[in-house]
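Here are a few exercises to work through with the model open on your screen. Try each one yourself before reading the solution.

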Amino acid sequence: MNSAVHPPARSASAVGLCVPDRVSDSVFAPARLFGFGFLLALVLVIAGCGDGSDVQYVTIWHQKTGGERAFFERVVDEYNATHSDHQIRTLYRETEELRNLFVIAAAGGKGPDLVFGPSDNVSILALTETIAPITEIIPDEFISRFTSEGIVSWKEKKWMLADQVGNHLMFVYNKDILPSAPQTLGEMVNMLDSVTVDLDGDGTIDRYGLTWNYTEPYFFIPFLTGFGGWMMDSEGNPTLDTPEMVAAVQYLLDLRDKYHLIPGSTDYDTAEAMFKTGRAAAIINGPWSWSGYESAGINYGLARLPFNEKTGYWLSPIYSAKGYSININTPEEKYPIVRSVVEYLTGPSMQTRMADELATIPVVESVLDSDAVRENQMLQLSLSQVESGRPMPTQPQLRQFWDGMRGPYQLIMNGAVSAEEGARLMQAEVEKRIRDAFL
Amino acid sequence: MADSKSHRATLGGKIFTYVAIALFALISVYPVLRIVTISLRPGNQLLSTSLALIPENATLDNFRILLTETLFLRWLLNSIIVSAVVTVTGVALASTAGYALSRYKFVGRGPMMSGLLVTQMFPATMLLLPLYVVLIKLSLLDSYVGIIIIYSATALPFTVWQMKGYYDTIPASLEEAARIDGASPWQAFRQVILPLAAPALVITALFSFMTAWNEYVVANVVLQNVEHFTLPLGLKMFQASMQTQWGLYAAGSLLVAVPVVVLFLVLSRYLISGLTLGAVKG
Amino acid sequence: MAAISNISEASSAERRYLRWFLFLLLAPTIVLVLAVVAYPFFFNVVLSMSNMNIYHIHDWKVIGLQQYAAVFAEPRFWEVLFKTVVWTLVNIVFHVTIGVFLAVLLHQSFVRGRGAWRVLLILPWALPQYITALTWRGMFNSQFGAINLVLTKYMNMPAVDWLTSPFEAFAAAIMTNIWLGFPFMMVIALGGLQSIPAELYEAAEVDGASAWSQFRNITMPLLRPVMIPAITLGIVWTFNNINVIWLVTNGGEPNDQTHILVSFVYEAAFTAYRFGWAAALSMVIFAILFTFTQIFLKRTNAVEAAY
């Protein structure tokens, strides 16, 4: 019975206890007592026991979701079908958990061979000495085919090889309400004003012009850059209490309180629900959300975030590479197969397929220049947004920026503090967190 | 059973009782109905302005996908096995240890009682790192043996206390009588006291089961293969910071509750067969 | 009186037998609990005196009591401690009151469909917290939430910004946790009520005692030995329950004003990787709970037999 219950893919390693068949029979005999032994035997069987074959596994922890996860699982199956000596095994984890669990596992000397995630993890993983430079495994001639965005470096070493750049926020509009997207902020205010209405005449606005997530400062960055500001200087010190920041915050407060074009309060899920139910004409959101609008039946259009004609800056979102890094504990004898897996998952043919099926922005020069990519309209829109975007900073203290900016951003958007006070609070909060991190 | 205080219950008292119970039942059920609604809603939406129980275009797709296109049934089996072992271990150990603490005075009894409590006072997050290191050393990563031991140890402090508290309410004269009739201490415990403690055993079993059934943080660190996942881990795979598959998540949560409800229905028969009944029989 | 055997009073053969008996009753539990808890605890003690953080994750060393000083120097420590105490007390009071109240109502013999009521009432305990807490967050949503829809549509009251104002968000988290927690206390109380002999109530009725005085003089004291462990541990668990408040307020919104102490531990350890500081704060939490339970148990005399 032991083999009958065995899972199809048996784990060769990482199993606590293995019970050969005859031993489990003897465990079986006194098992009537409470059925305890029986259950324990089942546990051991279910946990899977090594069968002594020498198939090697390359494990990958990733945070791909939605259509991208389905695609990823498909191409992994294709790879496994064509390789007999080694197999890829994947495990999904939510972005934050992925990073935390990877740090715990790798610091303990274990963990997956490869970890896939956004580029802002790289410096933390490198600093905690949980990943090895990709140059240890991947040869230079392969790496040299990537664009500069596709290779994530920190402190002069290359730590991550990407299969895309993305996470860029864009202006998404409901074409049935708003026929076209605004080019400039001035235009935006006029256009949104015409679609912000009180439909049933009860004195409250039933449809807003625009909405976005008021709780995560990531969604605030385009406004900061649109007024000429940025989070940090070249050394990574916060530059948040500046006239540019105050102007950006004041602009948001005006949108809300003076022009009444955006709702009084929302979070991510509320903004999504408003846009999907037609209670908002437009939303600022990233590539992960777009397919959801399609399935909700929204006739949506994508546009680059507008230009601020008063300052001469584009509203620039942050974009980041997403890719693979190598666990520092990956044994050297596994390097050849790990290399084969990375080259398969990030190589030109995979990136071509991804661009075609998922509309992700490739980071291999030849793919980026290919006709297929040039003729893909959605991709070209994304590319135009990334061109005016800012790359994700690589400093390890980036987390302290997000955590420190989050609270004051919420206070501002709730109308609890003024623009000046908000800017001052952000600067103070981030400085404190960066200081604390050293103790 | 004979519960005479209610024989005198007035009509007003009865009405009050039913209204109060119904009100709280409604409060208990309403959020669960919202989860039902989310699980039936097409297009993966969490929020809607409709208060209707059955949403527009209701569909059972989420349940179908869950049962056919994911490893849900596999996770269910894993969870049942883990929880069952933890429950059996919990009942066996808590019923005996609780008895010793209730009936015997010995050196270290007080410290042991508070020692059990002490284990619950530490934020679980901080136990992860050292536990992980220990499990690696014992090569118990990705194994149910590891989490079963941890879950049992997590549930025991409460269940031991709970059993001890219940034994305290059972008059010692019952064992004394058994001992005079020639029963050994074990026989007195096993044949006289344990049957009387059925309601407490039910609570111990239910609590041990729930501890293992809903646990997420430890399993998340220990289990590393999606085929070995328990239900909470499996369900969490439908969740992502900005892209949660609400429909699947909700449908899964409803199905997760089913075994618990069944277990409770089965166990609650024993929850009412208490001291009075046992005393009459014994 | 329940502790019937004082080992030193028994004869020597019986003493030996009893020793073995006791050992067999207790040893498995002790071994199991120690195996899981002892090492992590001592590891934490060391960690709390170390400088382990993101910059020293492998080469950390013991630096003394600086992390403890840093914990108490944290400007928000006292405020968050106060919130944690409020969170714990309010939750436990409601859990126990509602739980015992419902158990007593259900225990009356005229109640029909008892099994069905019981199952409906334990539903909040049966579903995984991860989804119920998020559902409650949805219900508190200012535009789409059921609570505001009912308030504005049927009761003609203004909508409440549940999740964006600090007080309301904290209250929302507490309400959610009360909902999640009362079934557990109800089940404990239901079990406890079974051990109360009906004869006691009969005798009280003969004496003409009111329902309230029966509850005060019979139900409460006899329920105590069963409820005290549940309440003690309920307090400890609620004090350290990060899940619910974290999920309902989305990690402390607005502006990190809805934290309790454990969410600080979590943030310090896993978003800032300040393991030394997080360990020191864990030790402080431990000390608070330890002191509290020692006093509480002494005053309720729970270790000793109750009657």
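## Exercise 1: a helix pair across two chains

Keep in mind that this is a predicted model. The crossing of H6(B) and H9(C) is right-handed.

**Task.** Work out how H6(B) and H9(C) are oriented, and say which residues make their contact.

**Solution.**

1. Start by finding the two helices: H6 covers residues 144-168 of chain B, and H9 covers residues 211-239 of chain C.
2. Next, get the geometry. Their axes sit 7 Å apart, and the packing angle is about 160 degrees.
3. Now put a word to that angle. Anything over 145 degrees counts as roughly antiparallel, so H6(B) is roughly antiparallel to H9(C).
4. Pick out the residues. H6(B) brings Phe158(B), Trp161(B), Gln162(B), Gly165(B), Tyr166(B) and Asp168(B). H9(C) answers with Pro225(C), Val226(C), Ile228(C), Pro229(C), Ala230(C) and Leu233(C).
5. Finally, sort them by class: the contact has nine nonpolar residues, two polar ones and one charged.

## Exercise 2: the whole B–C contact

**Task.** How many residues does each chain put into the contact between chain B and chain C, and what classes do those of chain B fall into?

**Solution.**

1. Count by chain: 97 residues come from chain B and 96 residues from chain C.
2. Then take the side of chain B that touches chain C and split it up: 64 nonpolar, 22 polar and eleven charged.

## Exercise 3: the build of chain A

**Task.** Describe the fold of chain A by its helices and strands, its burial and its contacts.

**Solution.**

1. Tally the elements: chain A has 19 helices and 14 strands.
2. Check burial: of the 439 residues in chain A, 48% are buried.
3. Look at contacts with a separation of 6 or more. In chain A, 73% of these join residues 24 or more positions apart.

## Exercise 4: where two domains touch

**Task.** Which helix gives the most to the side of domain 2 of chain A that touches domain 3 of chain A?

**Solution.**

1. Lay out the domains of chain A: domain 1 is 2-47, domain 2 is 56-166 + 320-391, and domain 3 is 170-316 + 397-436.
2. Place domains 2 and 3 of chain A: their C-alpha centres lie 30 Å apart.
3. Their contact takes 13 residues from domain 2 and eleven residues from domain 3.
4. On the domain 2 side, H4 (66-82) and H17 (377-387) of chain A each supply at least two residues. H17(A) gives the most, with five residues.
5. Sort that side by class, and you get two nonpolar, nine polar and two charged residues.

Note on methods. Residues are numbered from 1 along each chain as its sequence is written. Chains are lettered from A and ligands numbered from 1 in the order in which they are written. This is a predicted model: local features need pLDDT of at least 70, side-chain atom pairs count only at pLDDT 80 or more; totals for chains, interfaces and linings use all residues. Axes are lines fitted to C-alpha atoms, for helices over the stretch in contact, and angles run from 0 to 180 degrees between N-to-C directions. Helices (H or I, at least four residues) and strands (E, at least two) are DSSP runs, numbered from the N terminus. Angles under 35 degrees count as roughly parallel, over 145 as roughly antiparallel, 65 to 115 as roughly perpendicular and the rest as oblique. A crossing is left-handed if the near helix is turned anticlockwise from the far one by less than a right angle, and right-handed if clockwise. Two residues are in contact if their C-beta atoms, placed from the backbone, lie within 7 Å. Ala, Val, Leu, Ile, Met, Phe, Trp, Tyr, Cys and Pro count as nonpolar, Asp, Glu, Lys and Arg as charged, and the others, Gly among them, as polar. A residue is buried if 20 or more other C-beta atoms lie within 10 Å of its own, exposed if 12 or fewer, and partly exposed in between; C-beta atoms are placed from the backbone. Domain bounds come from an automatic or database domain assignment.
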